[in-house]
Each structure stands twice: as C-alpha cells, then as structure tokens.
Amino acid sequence: MYDYLLGGKDNFAADRETVTVALEAWPAARTAARENRAFLGRAVRYLAEEAGITQFLDIGSGLPSVGNVHEVAQDILPSAHVVYVDKRPDRARARAGLLASKPEGKCATSMPTCVTRTTSSATGPPGRRLTSAADRAILCAVLQLHAG
Ligand SMILES: C[S@@+](CC[C@H](N)C(=O)[O-])C[C@H]1O[C@@H](n2cnc3c(N)ncnc32)[C@H](O)[C@@H]1O
C-alpha cells in the first residue's frame, strides 16, 4: 500500500483497492506517505553529498519502493554501501531479490532483526562484510515514522 501511495509500481490490486478506500477516510494519507519518503531522501542526500557519509544502515527499511536508500546514496556516491534491516522476514526476503547496486558500491539485506532488542545483530552478516572501520562512520537511522 505504501508503494502505491508513493506512486510506485511494486504493488498489487488489493493494495490499490484498500488505499482507495483508506483515502476516503483519511485524504491526507498520500501526502503523509510522500512527505515521509521525501524526508528520507533529503536526509540521505545531505549525508552522502555534504556530510561525507559513505555507509548506510537503513533500519526499518520496509518493502522496496520509490527512492530506496541505495538509489539515492549511489546517485551521489556510486561507491556507497547500504545494508537494509527489517524485523519482518517477508520484507527482508523481498529486498534480497531486488537489490541492484551500482558496480562500484554494495548493498545487502541483513536478516530479520528487531533493533529495539539489539543493534549488534543488525550489523551481523552481511552487514559486517559491507562495513569498514577505515571508512567514514556508518549512519544508523531509524526511519520508520509510521511503522507497525
Ligand atoms: C512503513 S515501513 C518504512 C519504510 C521506509 N523506512 C520509509 O520510511 O519510507 C516501516 C518498516 O519498519 C519495520 N520495523 C518496525 N519496527 C522495527 C524494528 N524494531 N526493527 C526493525 N524493523 C522494524 C516494519 O516491519 C516496516 O517494514
């Protein structure tokens, strides 16, 4: 549903039907979703372009949609590394099949992790493989403003 609200193409008929009904009850839902995603994009763009961040840990990444973190970061910095973490196994599996990193960079999905319990498991394999102590600090960001 989130993807449909964002104007993406990775959604199902049931998502579109449910969103149509939901928008009648809450017309601002589309604006809220787009503003949330736009904030994510602005934050990542600023960090890659101006703050010198080269590695990103996206916690609560959800399903792939419009403006994924690695797309935004690698548009600016093709060698950026991104690890996606989500507590829901279906989210992680969906991402695993849809990661198209630029050849100079890397991106991966870390297996299901609930970061409220432990952050160290979020940086386990493949996170550990992607991160380098010699490089700029990793950004740990919880961007899940309306997560369930
Ligand atoms: C709506 S998506 C947000 C997608 C993207 N971060 C954004 O803001 O556009 C929220 C995701 O956060 C995940 N999530 C919620 N709590 C979490 C936690 N404690 N650890 C990891 N993932 C979590 C949910 O499973 C859901 O897939």
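The following paragraphs lead through a predicted model of a protein chain, from its overall plan to individual residues.

The protein chain contains 6 helices and 4 strands. Along the sequence, these elements follow the pattern α-α-α-β-α-β-α-β-α-β. Of the 148 residues in the chain, 27% are buried. Among contacts between residues at least 6 apart in sequence, 71% join residues that are at least 24 apart.

Confidence varies along the chain. The mean pLDDT is 77, and 68% of the residues reach 70 or more. The highest confidence belongs to helix 2, at 96, whereas the lowest is found in helix 6 (residues 127-130), where the mean is 52. Over residues 112-121 the pLDDT is below 50, and this stretch nevertheless has 15 contacts in the model beyond near neighbours in sequence. Where pLDDT is low, predicted coordinates should not be read in detail.

The interior may be considered next. The largest nonpolar core has 16 residues, and those with the most contacts inside it are Val44, Phe56, Val69, Ala73 and Val82. Two or more residues each are given to this core by helix 3 (29-49), strand 1 (55-59), helix 4 (69-76) and strand 2 (81-85). Val82 illustrates the connections made here: leaving aside residues up to four places away in sequence, Val82 touches Phe56, Asp58, Val69, His70, Ala73 and Cys107. Of these partners, Phe56, Val69 and Ala73 are themselves listed with Val82 among the core residues with the most contacts.

Two of the elements that contribute to the core also pack against each other. The axes of helix 3 and helix 4 are 9 Å apart and meet at an angle of about 35°. Their crossing is right-handed. Helix 3 takes part in the contact through Gly41, Val44, Arg45, Ala48 and Glu49, and helix 4 through Val69, Val72, Ala73 and Ile76. By character, the residues of this contact divide into 6 nonpolar, 1 polar and 2 charged. Val44, Val69 and Ala73 thus appear both in the helix contact and among the core residues with the most contacts.

Helix 4 also holds Gln74. This residue counts as buried because 24 other C-beta atoms lie within 10 Å, and the cut-off for burial is 20 or more. Beyond residues up to four places away in sequence, Gln74 touches Ala80, Ser101, Lys102 and Gly105. The C-alpha atoms of Gln74 and Ser101 are 7.9 Å apart, although 27 residues separate the two in sequence.

Glu104 offers a contrast in environment. Its place is in the loop between helix 5 (89-96) and strand 3 (106-110). Glu104 is exposed, because 10 other C-beta atoms lie within 10 Å, and a residue with 12 or fewer is classed in this way. Setting aside neighbours within four places in sequence, Glu104 is in contact with Pro78 and Ser79. The C-alpha atoms of Glu104 and Leu77 are separated by 9.1 Å, with the two residues 27 places apart along the chain.

The N-terminal part of the chain supplies a further pair of residues. Asp3 is found in helix 1, while Asp10 occupies the loop between helix 1 (2-5) and helix 2 (13-25). Asp3 is buried, because 21 other C-beta atoms lie within 10 Å. Asp10, by contrast, has 15 C-beta neighbours inside 10 Å and therefore counts as partly exposed. With residues up to four places away in sequence left out, Asp3 touches Gly8, Asp10, Asn11, Leu63 and Ser65. On the same basis, Asp10 touches Asp3, Leu63, Pro64 and Ser65. The two aspartates are therefore in contact with each other, and Leu63 and Ser65 are partners of both.

Distances between C-alpha atoms complete the description of this region. Asp10 and Leu63 are 53 residues apart along the chain, and their C-alpha atoms are separated by 9.0 Å. Asp3 and Asp15 are 12 residues apart in sequence, with a C-alpha to C-alpha distance of 8.8 Å.

Methods:
Residues are numbered from 1 along each chain as its sequence is written. This is a predicted model: local features need pLDDT of at least 70, side-chain atom pairs count only at pLDDT 80 or more; totals for chains, interfaces and linings use all residues. A nonpolar core is a set of buried Ala, Val, Leu, Ile, Met, Phe, Trp, Tyr and Cys residues joined through C-beta atoms within 7 Å. Two residues are in contact if their C-beta atoms, placed from the backbone, lie within 7 Å. pLDDT is the predictor's confidence in each residue, from 0 to 100. Axes are lines fitted to C-alpha atoms, for helices over the stretch in contact, and angles run from 0 to 180 degrees between N-to-C directions. A crossing is left-handed if the near helix is turned anticlockwise from the far one by less than a right angle, and right-handed if clockwise. Ala, Val, Leu, Ile, Met, Phe, Trp, Tyr, Cys and Pro count as nonpolar, Asp, Glu, Lys and Arg as charged, and the others, Gly among them, as polar.
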